[in-house]
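User: I'm new to reading protein structures. Could you walk me through one, feature by feature?

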Amino acid sequence: MTDQAPATPPATPPVPRPERRQRPAAVSLAGSPSLRLIPKTAVPQSARDFKSDQEVRWCPGCGDYAILAAVQGFMPQLGLKKENIVFISGIGCAARFPYYMNTFGMHSIHGRAPAIATGLASTRPDLSVWVVTGDGDALSIGGNHLIHALRRNVNLKILMFNNRIYGLTKGQYSPTSEVGKTTKSSPFGSLDTPFNPVSVALGAEASFVARTIDSDRQHLTSVLQAAAQHPGTSLVEIYQNCNIFNDNAFEPLKDSASKDEVTIRLEHGKPIRFGIGGHRGVIRDAAGHLKVVDVDQVGEDALLVHDAHDQDPSTAFALSRLSHPETLDNTPIGVFRDVRRPSYESAMSAQIETAIARRGMGELQSLLAGKDTWIVR
C-alpha cells in the first residue's frame with residue numbers, strides 16, 4: 001500500500017482591508033465677520049479642551065447631554081482663545097451649561113441672561129458671548145429681556161432649549177406647552193396659547209433665527225456654525241427632550257419611521273420640499289398664504305424657494321406657522337432668517353467716537369456734579 005500525500009488545500013484569497021475613512025477637513029470659522037475682533041488661538045483645539053472638570057449633573061437620558069457634546073465639539077471650529085469665550089445662563093436645567101464649558105461663564109438670575117450678555121457684548125467686542133436659556137427662562141420671566149436683545153441686534157448667540165415643560169421645578173407647564181397639557185400646575189389641562197419661539201423672534205425683528213433638534217448632531221452643528229458666523233444676535237431654538245417630565249415631546253421629528261414625512265429641512269436657495277421621496281412641498285396660494293401640497297399635483301416649479309436672506313421677515317414668519325402645535329406635522333428646521341444689519345455695539349461705538357470728536361473725552365466727576373445735581377439736606 002502506497003502512502004499518499006494529503007491534498008494541498010486551495011489558497012485562501014487575501015481579505016481586502018477596508019479603506020481607512022478620511023476625517024473631513026476641520027472647518028474653521030475664525031475669519032467670520034462676527035469673530036473679527038476676537039483674539040485667535042495658534043494652538044490646535046479639540047472638544048476635550050472645552051470640557052471642564054465639573055461633573056455633569058443632568059438626569060440620565062436628558063437631551064442636554066447631546067447639546068453639550070455638540071457645542072463642545074463645535075467650539076474648536078471658532079479658533080478662538082478660550083479665555084475670550086463666555087457662556088451666560090439664567091435659571092433652569094439648561095442654566096447649568098456654563099459649569100461644563102472650560103471657558104469663562106456666569107450662572108446669572110432668572111430671565112436676565114440676555115440683559116447681562118448685552119452689557120458684556122456691548123463693552124467687550126473682544127469676547128464671543130453665548131447665552132444658554134430654556135423656554136421658561138427665556139419666554140416667561142425673561143421674555144422682555146429676550147425681545148429687546150433681539151431687536152437691538154447685539155453680537156451674541158442665544159441657544160434656547162425648548163422642552164415644552166418646566167423641568168427644574170418638576171413638571172409644570174411652560175410658555176411653549178401645548179393647549180390642554182396636563183401637568184402638576186394644570187391638572188385639568190393648560191388654557192394658555194403657547195408661544196412659538198421662532199415666531200416671537202421674527203416678530204421682534206431678529207436678524208438670525210433658526211431651529212434644530214438635540215439628537216440630530218449633524219444638523220445641530222451646521223446651525224451652530226451659521227449662528228456663530230452671523231454678525232449680530234442669533235436665536236437658535238433647540239427642540240430638547242425632557243425624558244423625566246415630558247418624554248417624547250418631539251418624537252415624530254426623531255422617529256426614523258416618521259421624521260422624513262413631517263420635517264421640513266430648510267435650505268437657502270432651494271425649493272421647499274419634504275416627505276419620503278420629496279413628494280410634499282410648500283407653495284404660496286392665490287391668497288398669499290403658504291400651503292403644503294403634493295408635488296406631483298402642482299409640479300416643482302410651483303414650489304416656494306427658501307430665501308433666508310430676504311429682508312422682509314413675513315415669509316419666514318409664515319413658515320414658522322406651518323407646524324402643527326400638537327402633532328408637529330410640517331415642522332420646519334434650519335435657518336429661517338439670516339439678514340445683515342448694523343449690530344448694536346458697532347453703532348454704539350461709532351456714536352461714542354462722534355461725541356468725543358465733538359466734545360472731547362469729558363470728566364466723570366464734572367458730570368456727577370453738573371448743573372442738574374441737587375443736594376437734599
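Analyst: Sure! Keep in mind that this is a predicted model. Let's begin with a strand pair: strand 1 and strand 2 run parallel and are joined over four bridges. Within strand 2, the residue opposite V86 is F104.

User: What is the strand order in the sheet of eight strands, and which strands are at its edges?

Analyst: To read a sheet, walk across it from one strand to the next. Here the order is 2-1-3-4-6-5-11-7, in an open sheet with mixed pairing. Strand 2 (104–107) and strand 7 (263–265) are the edge strands, each pairing on one side only. Neighbouring strands are turned by 20° against each other on average, ignoring direction.

User: And how do I read the sheet with the order 8-9-10?

Analyst: Same walk. Three strands make up this open sheet, and their pairing is antiparallel. Strand 8 (273–274) and strand 10 (290–294) each have a single partner strand, so each has one side without a neighbour in the sheet. Strand 8 pairs with strand 9 (residues 280–284) over two bridges, and F274 has R280 of strand 9 as its bridge partner.

User: Now helices. Which residues of helix 3 are buried?

Analyst: First the general idea: an α-helix has 3.6 residues a turn, so residues three or four places apart point the same way. In helix 3 (residues 113–123), the buried ones are A113, P114, A117, T118, A121 and S122. They lie on the same side of the helix because they cover an arc of only 150° around its axis.

User: What do the buried residues of helix 3 pack against?

Analyst: Their packing partners include strand 1 (85–89), strand 3 (128–134) and helix 5 (143–152). For two packed helices, we describe the angle between the axes and the distance between them. Helix 3 and helix 5 meet at about 35°, with axes 7 Å apart. P114, A115 and T118 of helix 3 touch H145, L146 and A149 of helix 5. That contact has four nonpolar, two polar and no charged residues.

User: Which residues touch the most other members of the largest nonpolar core?

Analyst: For a core, look for buried nonpolar side chains that touch. The largest one here has 35 residues, and V71, M75, L78, F87, F97 and W130 touch the most other members. Helix 1 (64–74) and helix 7 (217–229) are among the elements that each supply at least two of its residues. Beyond its neighbours within four places in sequence, M75 contacts Q45, F50, I85, F87, M101 and W130. A second, separate core of 34 residues includes A121 and L146.

How values were computed: Residues numbered from 1 in each chain as written. Predicted model: local features only at pLDDT ≥ 70, side-chain atom pairs only at ≥ 80, totals over all residues. Heavy atoms only, no water. Buried < 20%, exposed > 50% of the residue type's maximum accessible area, 1.4 Å probe, protein only. Arc of directions from axis to C-beta. Contact = heavy atoms within 4.5 Å. Axes fitted to C-alpha atoms, helices over the stretch in contact; angles between N-to-C directions. Nonpolar A, V, L, I, M, F, W, Y, C, P; charged D, E, K, R; others polar. Pairing = 2+ DSSP bridges. Core = buried A, V, L, I, M, F, W, Y, C linked by side-chain atoms within 4.5 Å.
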